[in-house]
2 protein chains.
Amino acid sequence: MVGPVDIMSIGVIDVPSRKSLFVNRIEEQILTGRMKVGDSLPSERQLEEETHISKTVIHAGLVELEQKGFLEITPRRGAVVANYEETGTMETLNALIRLNGGNMTKKQTRSFLEARIAIEGSALQRLCENRTEDDIRYLEAIIDEADRLLESEHVDEAALAEVLFRYHRGICVRSRNEFFPLLLNEFRPIIMEFWLRSIHRFGAVSNVHLAKRYLDFIRSRDAAGAFRRLERSVKEYLDSIDG
Amino acid sequence: MVGPVDIMSIGVIDVPSRKSLFVNRIEEQILTGRMKVGDSLPSERQLEEETHISKTVIHAGLVELEQKGFLEITPRRGAVVANYEETGTMETLNALIRLNGGNMTKKQTRSFLEARIAIEGSALQRLCENRTEDDIRYLEAIIDEADRLLESEHVDEAALAEVLFRYHRGICVRSRNEFFPLLLNEFRPIIMEFWLRSIHRFGAVSNVHLAKRYLDFIRSRDAAGAFRRLERSVKEYLDSIDG
DNA sequence: GTTTTTCATCTGGGCCGACCAGTTGATTAA
DNA sequence: TTAATCAACTGGTCGGCCCAGATGAAAAAC
């Protein structure tokens with residue numbers, strides 16, 4: 001049952017699709033500035049010839065790049081590099097960060113945390129003012145999941161980050177604002193990365209403890225206190241990466 | 001030059017792509033509840049047969065629906081209708097509102113304006129604190145565009161809404177937060193609809209005047225005043241739709 | 001009768017080369 | 001100088017092919 005070699009593990013080799021290779025190549029050209037905003041791309045046929053990838057795949061790749069906000073395609077006219085500060089969405093930013101190996105710059109981190117205070121802070125205050133017993137039970141159930149993960153010998157950090165994401169999205173869901181949870185979904189990859197780093201930096205227990213702290217504020221309907229706590233924890237995180 | 005009929009204008013007929021027709025059909029089925037969360041979709045080959053659209057296009061459409069948060073596709077298993085409150089993004093919401101003829105419910109409007117205060121309010125305060133002369137010039141240039149539109153006999157409302165969008169996104173851009181402008185792009189269809197309604201309700205002049213008012217606060221670095229003004233104008237809009 | 005194995009069938013993922021219908025711009029005709 | 005023509009080029013679509021994993025019923029082993 002065990003293969004001939006079980007000392008050195010090779011690991012899976014996942015073959016990247018031609019489409020993703022093509023998309024990454026173009027993204028790279030754009031983000032490094034080799035292709036500038038307004039530049040026309042070669043036609044799909046030219047790209048087919050150049051890359052030895054079929055036109056269908058090229059076409060699908062270009063459409064994907066358009067959805068990400070990198071290109072502007074006009075049927076039967078061609079594709080040009082879009083001003084992705086104008087047309088870009090969070091997906092564009094996610095692609096940008098992913099291309100940088102998942103690392104955000106300090107400015108991006110600061111921007112992210114500002115956005116977090118703006119959105120989650122607003123949700124938190126609304127929830128404190130309008131919470132019901134059912135909201136408390138809903139959030140407690142998620143905290144219980146986190147506690148169960150902490151009981152294990154080796155804490156599954158990815159799973160804990162996922163639970164923390166669901167908890168904070170839960171705050172947005174229960175704030176009765178239909179937009180806030182959707183915005184958090186938009187941020188999802190970035191937020192997950194953030195929680196992973198936060199777990200590494202401050203430990204699993206500490207992060208779950210902080211989550212419980214917010215629940216206390218919600219219970220006692222202390223909107224101002226909750227907001228101050230959020231601001232403080234963001235400030236602590238920023239200080240920790242500056243040092 | 002002029003066709004045989006120039007009294008009644010026909011207007012361009014832009015032929016929708018098969019992919020978009022397919023995507024809209026499925027969205028409709030989901031949003032009207034004919035397909036419920038968890039329901040399995042027919043296989044790509046069945047859909048091909050049923051719709052007479054090739055598998056290539058069907059596949060591309062399903063991938064788009066997954067990105068919009070409407071479907072959850074598992075390779076070699078099939079696609080099921082996703083819980084779009086969980087997986088949805090702003091694109092999902094845009095589709096939902098578009099399907100409703102661009103009309104938001106009162107709760108959606110309230111949610112939108114709360115989100116606007118959270119995001120643009122935060123940007124406004126940051127900008128007031130850190131503005132440069134160049135920021136002022138940048139925003140003044142956009143205001144000039146709006147003024148030019150006002151000079152015309154019949155104000156082009158769609159164009160003005162577009163300029164107002166660019167102005168308020170400009171505030172986010174110049175706030176030096178990389179996330180805020182992208183979030184506004186995400187909202188774009190909703191925001192455009194909002195400005196159109198605001199122009200109808202309060203008039204073109206009044207909306208441009210308010211935009212200039214924000215510029216005053218930014219010039220005098222009055223962050224608190226700017227925020228209060230934003231809150232007030234949102235409140236006025238909410239009152240006007242309640243009445 | 002119960003468990004295990006086998007294997008035909010179905011799924012989405014990926015790719016290809018050909019064809020379709022609008023756009024464009026130089027050439028031709030008026 | 002102007003208008004009509006049309007070949008070349010564009011993105012969009014097509015149907016077919018193969019791949020590898022999932023599925024479940026039939027066959028084999030117990």
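Which backbone atom lies 2.8 Å from a phosphate oxygen of DNA strand C? In this predicted model, a backbone N or O atom of Ser54(A) sits at that distance from the phosphate oxygen.

**Around the DNA strand**

Let's stay with DNA strand C for a bit. There are 21 residues around the strand, and the ones that come nearest are Arg18(A), Ser54(A), Thr56(A), Arg77(A) and His59(B). Sugar or phosphate accounts for 66% of the strand's atoms within 4 Å of the protein, and bases make up the rest. Chain B has a hand in the base side of things: the side chains of Arg45(B) and Lys55(B) each place an N or O atom by a base atom. Here are the distances, with the Ser54(A) pair alongside:

| Protein atom | Atom of DNA strand C | Distance |
|---|---|---|
| Ser54(A), backbone N or O | phosphate oxygen | 2.8 Å |
| Arg45(B), side-chain N or O | base nitrogen | 2.9 Å |
| Lys55(B), side-chain N or O | base oxygen | 3.4 Å |

Which elements give two or more residues to this surface? From chain A they are helix 1 (18-31) and helix 3 (55-67), and from chain B they are helix 2 (44-51), helix 3 (55-67) and strand 1 (71-74). Helix 2 of chain B gives the most, with three residues. As for chemistry, the surface near DNA strand C counts nine charged, eight polar and four nonpolar residues.

**How the two chains relate**

Now for the protein pair. Chain B lands on chain A after a rotation of 179° with 0.2 Å of shift along the axis, at an RMSD of 0.9 Å. That's the relation of a two-fold axis. If you want to find the axis from chain B, look for Ala118(B): among that chain's residues its C-alpha comes closest, at 2.4 Å. Of the interface residues of chain B, 94% are also interface residues in chain A, so the copies meet through the same surface.

**The second largest pocket**

Then there's the second largest pocket, with about 840 Å³ of space. It is lined by 25 residues, and those closest to its centre are Lys68(A), Glu91(A), Val63(B), Glu66(B) and Gln67(B). Both chains pitch in with at least two residues from each of several elements: helix 1, helix 5 (90-99) and helix 9 (180-202) of chain A, plus helix 3, strand 1 and helix 4 (84-87) of chain B. By class, the lining has 11 charged, nine polar and five nonpolar residues.

Terms used: Residues are numbered from 1 along each chain as its sequence is written. Chains are lettered from A and ligands numbered from 1 in the order in which they are written. This is a predicted model: local features need pLDDT of at least 70, side-chain atom pairs count only at pLDDT 80 or more; totals for chains, interfaces and linings use all residues. Side-chain values use heavy atoms; hydrogens and water are left out. Copies are superposed by least squares on the C-alpha atoms of residues with pLDDT of at least 70 in both. Contact means heavy atoms within 4.5 Å. A residue is near a molecule or strand if one of its heavy atoms lies within 4 Å of it. A polar contact is a pair of N or O atoms within 3.5 Å; within protein, one must be able to donate a hydrogen and the other to accept it, and residues adjacent in sequence count only if both atoms are side-chain atoms. Helices (H or I, at least four residues) and strands (E, at least two) are DSSP runs, numbered from the N terminus. Ala, Val, Leu, Ile, Met, Phe, Trp, Tyr, Cys and Pro count as nonpolar, Asp, Glu, Lys and Arg as charged, and the others, Gly among them, as polar. On a 1 Å grid over the protein atoms alone, a cavity is a set of points where a 1.4 Å probe fits but cannot get out, and a pocket is an open set with protein on both sides within 12 Å along at least five of seven lines; lining residues have an atom within 4 Å of a point. Grid points are joined across faces, edges and corners, and a volume is the space filled by probe spheres set on the points.
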